[in-house]
Amino acid sequence: MFRPNRRPYTLGMDVPTPTVRDASLATRLERLPGVGTARAEKLVKLGLVTVRDALMHFPREYRDFSGAHAFTDLREGEHASIAGEVIDAGTRTLYSGRTMLSVSLACGAGRVRAVWFNMPFMAKRFAKGMKVVIAGQPRLASGVWEFAHPEVRWLAASEQAHASDWLAVYPLAEGVQQSHVRLAVAAALDHAAGVCPEALPEEMLTAKGLLPIERAFREIHCPSSHAMIAAARRRFVYQELLMLQLALRMHRSRQQQAKAAPAIAVDARLDARIRARFPFQFTPAQQRVCGEIAADMGRAEPMNRLLQGDVGSGKTAIAVYAMLAAVGTRVSPDSPERFQAAIMAPTELLARQHHQTLSRLLAGSGVEVELLVGGQTAKQREAAIARIAAGTAGIVVGTQALVAGAAEFKHLGLVVIDEQHRFGVLQRAVLQQGQAEPHTLVMTATPIPRTIAHAVYGDLDVSVLDEPPPGRQPVATYRVGPDDLDRWWEFVRKKLAGGRRGYVVVPAVEESKRDLASISSAYESLANGPLEAFRLGLVHGRLKAKEKAAVMEDFRAGKLDVLVATSVIEVGIDVPEATIMTILDAESFGLAQLHQLRGRVARGATQGICGAVTSSQADPHPRVDAFVATTDGFQLAEKDLLLRGPGDLVGTKQSGMPPLYLADLLRDGTVVAEARRDALDLFQRDPDLADPALERLRKLILDRWGETLGLGKIG
Ligand code: ADP
Ligand code: MG
C-alpha cells in the first residue's frame with residue numbers, strides 16, 4: 001500500500017513540466033470543492049496530497065452493487081448482490097435479549113431475507129414496496145436465503161438496478177474512512193477532467209485497444225461496468241510494464257555497447273570432458289540448461305542469465321559445468337593461459353561447502369580451486385589474492401563481499417552468483433574489471449513465477465530447472481499441533497533409531513543475544529527431553545564460521561544424529577543422509593523459508609519427512625497450511641506472493657511497483673508478454689525513443705528508472 005513517506009509511484013503524471021495542465025494535477029486536495037482542510041489532513045496519512053496522488057490511489061477491490069444476481073444464482077457464502085422489493089419488515093427480541101430486524105424481499109421468482117441484529121433504527125428505513133439492492137454473503141437458514149448485515153442501496157421508485165454499480169473500495173489508513181477517499185477521488189476526477197496528460201501515443205492506444213488516460217482513471221475509480229474495470233487495469237498495467245521493459249532494454253544495450261565478453265566456445269570434446277567429471281548423468285532439464293548457457297557463453301557479449309530451480313534441483317552441477325567450460329578454454333589460441341571463473345555464495349558456510357564439492361570433483365584435474373572467506377588469516381588471504389591476480393587460481397569460491405571486493409582477476413570469464421534470493425534490478429553485483437566483462441549466471445531457489453521474472457528481469461534471460469534428479473520423492477509434510485507433539489517425537493525417535501539423521505529447526509529473528517538464549521534453551525530441552533538418547537549438535541549464526549563448519553562436518557560424517565539449527569541451514573546445505581526435519585514454531589517462518597528448509601531433507605533416495613510444529617492444534621494458518629498442502633515450489637511462490645503481496649519479494653524499494661499491478665500479473669501473464677514484445681519492437685525501431693510522439697513516455701521512463709538503472713540522459 002502507499003505510505004505517506006514513500007515516494008508514490010506515478011504513471012503519466014510524474015514529470016514536472018511547467019504546463020497549465022500538469023500544474024492542475026499538482027493542485028492540493030484541500031483546495032477542491034467539498035474536501036476541506038480537515039479531510040485533506042487525514043488523507044495525508046495515505047500519502048494523498050495532490051490531485052495526482054488521489055488519481056493514483058487505486059482501489060483495492062470493488063463491491064458489486066449491480067443487483068446482477070438472480071435468485072437462482074445464489075450460492076452459500078459467495079458474495080452476491082440482488083435486487084428486490086420489500087414485502088415485509090419487522091423487529092423482534094430474541095431469547096438472548098438481542099433485537100433482530102428481519103426484512104423480506106421479493107426477488108423475481110424467489111424470496112430472500114435480510115437481517116440485522118441490535119440495529120433497531122434500521123427498521124425505519126424499510127417500507128413495503130420499496131426497491132432495494134442488497135449485497136453480501138447469503139446463507140441458507142431453514143430453507144430461506146438469508147443475508148446478515150448486507151450492504152443496501154435504495155433505488156428510486158422508477159429506477160431499475162443496473163450493471164454500472166461497482167463501488168470502489170480503497171486501501172485505508174487509521175482514521176481515514178472509505179467515504180473520505182471516495183469523496184477526494186471524485187473531486188480529483190472532476191478537477192482533472194480535460195487536463196490529464198497522455199503518455200502513450202494515440203496510435204498505440206488505438207492499435208492496442210487501450211483506454212486513454214482520462215477514461216482509464218474514471219473507469220478505475222468509478223467503473224461503468226465490470227468489463228471496464230479490467231480495461232482500465234489493463235491500460236495501467238500495460239503502461240507500467242512497457243516503461244519498465246523499455247528501461248531495461250536501454251540499460252542492457254548500454255551494457256552491451258560498453259563491453260565485450262570473452263567468447264567461450266564449448267565444443268563436443270570439452271562438453272564430454274566436463275560431463276565425465278560428474279558421478280551422475282545430467283537430467284534432461286540440466287542438459288537443456290547447460291546448452292542454453294553454452295550458447296550464451298559462446299558469444300562475445302556478456303551472458304546475463306537467471307537460473308531458477310527449486311531446492312535440490314541440481315543447480316550446483318550447472319554452475320560447475322559453466323565454470324569448467326571457462327577454465328577449459330584458452331584465453332587466446334596461442335596462449336597457454338585459461339579463463340578463470342568465480343562463484344559467490346551468500347554465506348561462508350555455503351562457500352565452504354561449494355569449495356569442498358568442487359575440490360572433490362576436480363581432484364587430479366590440475367584446476368586450482370581457491371577459497372576466499374572471512375575466517376581466513378590475512379596471510380592466507382593475501383596468498384589467495386596473489387594467485388587469483390596471477391591467473392593460476394582457476395576457480396574462486398567465496399562470499400559475495402570478499403570476492404567482489406578483494407580480488408582482481410587476470411582473466412575472469414564467468415561469475416556465478418549462487419542462491420540469490422533478494423530481487424531487484426540492482427542486485428546483480430557484477431564483477432566488472434578490465435576490458436572485458438565476464439559472463440554472469442545468477443542462480444536462485446526462490447522460484448519467482450515466470451511472469452514476474454520477466455517483468456522484473458526483462459534484461460535477463462531465464463532458464464528453469466523444472467525436473468528433479470531421478471529418484472526424488474516429495475517430502476511428506478505434516479502439521480504437528482500441541483496434541484500431536486508427543487506422538488511426533490516418538491515417530492522421530494523411531495526414525496533416528498532406524499538410522500536416519502535429521503534437523504530440528506528453531507526460529508531466530510536476528511540471532512541476537514536473546515535469540516541465542518532461546519536457541520540454547522530449545523537445545524537443552526531437546527537434549528534432556530525427547531531426543532536425549534541421540535547425539536545432538538548445534539549451529540546458529542553466532543558461531544564462528546570454523547566452529548560452524550566443524551559441527552556441519554561431524555553431522556555430514558555421521559558423528560551426530562541430529563542438528564539443532566537456526567535458519568543458517570536454510571540455504572544450500574547438502575547432506576543427503578539427513579532425511580527428517582522438525583520445524584519448531586513454524587508460524588514464525590515465511591513460506592519461502594519453510595520451503596527452503598524442507599529442501600534440506602529432499603536430497604537423497606529416501607523419502608524426506610518434515611513436521612511443522614504449530615502452537616495451535618487446528619486454527620487455520622495460511623502459510624503453514626499452504627506449506628503442508630504442496631511441495632511444489634512454484635505453486636508456493638505464487639501463494640506466497642498472494643499472501644504477502646509481491647512488494648516483499650521484489651523488494652518494494654527497488655521495484656517501486658504498487659501491489660495492484662503485480663498482483664494482476666499473476667492473473668494475467670499475457671500483458672507481460674505483450675509489453676515485452678512491444679518494448680522490443682519499439683526499441684529496435686527507435687532505440688533513443690526520439691519520436692516526438694514518445695517524448696512524454698521517454699521522460700517518464702527516465703524520471704522513473706533513470707537513476708536506478710544508470711540511464712542518464714538519452715538523446
Ligand atoms: P540446488 O539446486 O538446491 O543447489 P544441488 O545442486 O545442491 O541442488 O543438488 C542437490 C543434490 O542432487 C546434490 O546432492 C547433487 O549431487 C544431486 N544431483 C544433482 N544433479 C543430479 C543428477 N543429475 N543425478 C543425480 N543426482 C544429482
Ligand atoms: Mg544450491
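In the predicted model, the residues F278, F280, F282 and Y321 form one aromatic cluster. Two members of the cluster, F278 and F282, make an edge-to-face pair, with 4.9 Å from centre to centre and 65° between the planes. The angle is over 60°, the cut-off for this class, and therefore the pair is called edge-to-face. Both F278 and F282 are buried.

A search of the whole structure gives 11 aromatic pairs. A pair of aromatic rings is described by two values, the distance of the centres and the angle of the planes. For F217 and F236, the ring centres are 5.2 Å apart and the planes stand at 45°, so this pair is tilted. An angle of under 30° would count as stacked and one of over 60° as edge-to-face, so a value that fits neither class is tilted. F217 belongs to helix 6 (residues 213-221) and F236 to helix 7 (residues 226-258), so the pair ties together parts that lie 19 residues apart in sequence. The relative accessibility of F217 is 1%, so F217 counts as buried. F236 has a relative accessible area of 0% and is therefore buried too.

The same search for disulfides finds zero in the whole structure. Two cysteines may be described by their accessibility. C107 counts as buried because its relative accessibility is 5%. C610 has a relative accessible area of 0% and so is also buried. The cut-off used here is under 20% relative accessible area.

Ligand 1 is surrounded by 17 residues, of which Q281, G312, K315, T316 and R472 come nearest. By class, this shell consists of five nonpolar, seven polar and five charged residues. Contacts to oxygen atoms of the ligand were examined next. An oxygen atom of ligand 1 lies 2.7 Å from an N or O atom in the side chain of K315. For the side chain of R472, the distance from an N or O atom to an oxygen atom of ligand 1 is 2.8 Å. The backbone also takes part: a polar backbone atom of S313 is 3.4 Å from an oxygen atom of ligand 1. Taken alone, ligand 1 exposes 560 Å², and the protein buries 84% of that area.

A further arginine, R479, is placed in strand 17 (residues 476-480). Its relative accessible area is 19%, and because buried means under 20%, R479 belongs to the buried class. The side chain of R479 reaches the backbone oxygen of D619 at 2.9 Å. R479 also has a polar contact of 2.9 Å with D625, and this contact joins the two side chains. The side chain of R479 is thus described by contacts with a backbone atom of D619 and with the side chain of D625.

The last position considered is V373, in the loop between strand 12 (369-372) and helix 12 (378-390). V373 has 0% relative accessibility and so counts as buried. Along the chain, V373 and G398 are 25 residues apart, and their C-alpha atoms are separated by 5.4 Å.

Conventions. Residues are numbered from 1 along each chain as its sequence is written. Chains are lettered from A and ligands numbered from 1 in the order in which they are written. This is a predicted model: local features need pLDDT of at least 70, side-chain atom pairs count only at pLDDT 80 or more; totals for chains, interfaces and linings use all residues. Side-chain values use heavy atoms; hydrogens and water are left out. A residue is near a molecule or strand if one of its heavy atoms lies within 4 Å of it. A polar contact is a pair of N or O atoms within 3.5 Å; within protein, one must be able to donate a hydrogen and the other to accept it, and residues adjacent in sequence count only if both atoms are side-chain atoms. Accessible areas come from the Shrake-Rupley method with a 1.4 Å probe; for residues, only the protein chains shown count as cover. Ala, Val, Leu, Ile, Met, Phe, Trp, Tyr, Cys and Pro count as nonpolar, Asp, Glu, Lys and Arg as charged, and the others, Gly among them, as polar. A disulfide is a pair of cysteine sulfur atoms within 2.5 Å. Buried means under 20% relative accessible area, exposed over 50%, partly exposed in between (1.4 Å probe, protein chains only). Rings of Phe, Tyr and Trp (its six-membered ring) pair if their centres lie within 6.5 Å; planes under 30 degrees apart count as stacked, over 60 as edge-to-face and the rest as tilted. Helices (H or I, at least four residues) and strands (E, at least two) are DSSP runs, numbered from the N terminus.
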